[in-house]
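Subject: Structure for you to look at

Dear colleague,

I am passing on the structure below, and I would be glad if you opened it beside this email while you read.

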Amino acid sequence: MRVLVTGGAGYIGSVVTAALLADGHDVTVLDDLSTGHEDAVPEGARFVRASLHDSAPVLAEAAPEAVLHFAAKSLVGQSQVEPEVYWHHNVGGTLALLEAMRAAGCRRIVFSSTAATYGEPDEVPIPETAPTRPTNTYGASKLAVDHMLTSYAVAHSFAAVSLRYFNVGGAAYGRGERHTTETHLIPIALQVAAGTRDALTVHGQDYPTPDGTCIRDYVHVKDLAAAHLLALPAPAPGEHRIYNLGSGSGFSVQEMVDAVREVTGHALPVIAGPRRAGDPARLVASSARIHDDLGWAPVHTDLREIVGDAWEFVQKGR
C-alpha cells in the first residue's frame, strides 16, 4: 500500500515508518522538522519537508492510498500559554490535510490521538465510552480532530481510526526519543543516568497508590507500531473507529525509577517535589476494544525492556 506518514521524522512516526517499510509498504514522509530529525527518517522512505498546511502538492504527487497522521504540537504546558499554536497546527493543519486527501482521492487515515482527550477520568482503566473533558488545549485540539474525522467519515466516506494512548517508551529500529524540550519521565530519568541532568524530580509521593507515587500508562513503541499497522486496513468507508492503547495496569513513578536504576546501574538521585495541580493518582487506558476487534494486546510489557531499549538508544548518542 502507498502510505503517507505525517510527522515521520519524529519519535513515534519514524518507528511506525520503519515498521511499514518492513511490512512491504511504499512510504512517503511529510515533516516540517520543527521537532523532528531528518536522519530519523528510515532509509527506503521518500522524505518531503513541508507543513500540514502545504500538504496538497505532496499528496497530489505521492498519490497515497492511506495516511498515518502523527504531526502535532504536543507540549501540554505550551498549549496553555500559546493556544493559538495548537489550534493553528493541530486543528487547522489537520483540516488542510483532510482537504488535500479529498483532492487526491485518498480517504483512509489513522490518527495519533491521545488519552488526554478524556481529562480527569471517573473510572480507571479508562474505556472509550468515558466522557471526553480535556483539561488543556493540547487535549482539546486532539479531541477536535477526532470530531472532525467523524464528520468526514459521515459526509465524505472517509475510513478513519483514532488511536488514543498516554505514554510511549522504548526504542525500535534504531529510533527513540530525542526532544529539544523534554517533558517525559523515561528520557528525563535517562538523562540523569547519562550525566546530562543532575537529578530527577518526583512530583508527589503521598498519592493513594501502593508506593505513594502516581501511576501512569506506558506502551512500548514496538507495540504501538503494531497497533497502527493493524488499524490501517480496519475501518470501512464511512466509519470512524476510536481505540485506546493501554497496558491495563500501568506503572508507578517509583517503579520507573527502580527500573532505570536496575537497567543503567546509576544511583539516579531523586528530588521530592510537590504534587502538580490536576495530576490524578492513576491514569490507565483500557485496550479491551482494540483487543476484541483487531486482536491487539501489548507484548513488550516488562518495564525493564521498555527502559532498556530506550537506554540502548541513549547510549548510541543519537
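What follows describes one helix and then the nonpolar cores.

This is a predicted model, in which local features need pLDDT of at least 70 and side-chain atom pairs count only at pLDDT 80 or more, while totals for chains, interfaces and linings use all residues. Residues are numbered from 1 along each chain as its sequence is written, and side-chain values use heavy atoms, with hydrogens and water left out.

Helices (H or I, at least four residues) and strands (E, at least two) are DSSP runs, numbered from the N terminus. Helix H1 covers residues 11-22, and because a helix is expected to span 1.5 Å times one less than its number of residues, its twelve residues should span 16 Å, which agrees with the 17 Å between its end C-alpha atoms. Ten of the twelve residues are buried (under 20% relative accessible area, with a 1.4 Å probe and protein chains only), including Tyr-11, Gly-13 and Leu-20. The buried residues of H1 pack against several elements, among them strand E1 (2-6), strand E4 (66-69) and helix H7 (221-231). Just after H1, Gly-24 takes a positive phi of about 95 degrees.

A nonpolar core is a set of buried Ala, Val, Leu, Ile, Met, Phe, Trp, Tyr and Cys residues joined through side-chain atoms within 4.5 Å. In the largest one, which has 36 residues, Leu-68 and Leu-163 touch the most other members, and H1 gives the largest share, six residues. A second, separate core of 24 residues includes Val-192, Tyr-207, Tyr-218 and Val-260.

Best wishes

How values were computed. Buried means under 20% relative accessible area, exposed over 50%, partly exposed in between (1.4 Å probe, protein chains only). Contact means heavy atoms within 4.5 Å.
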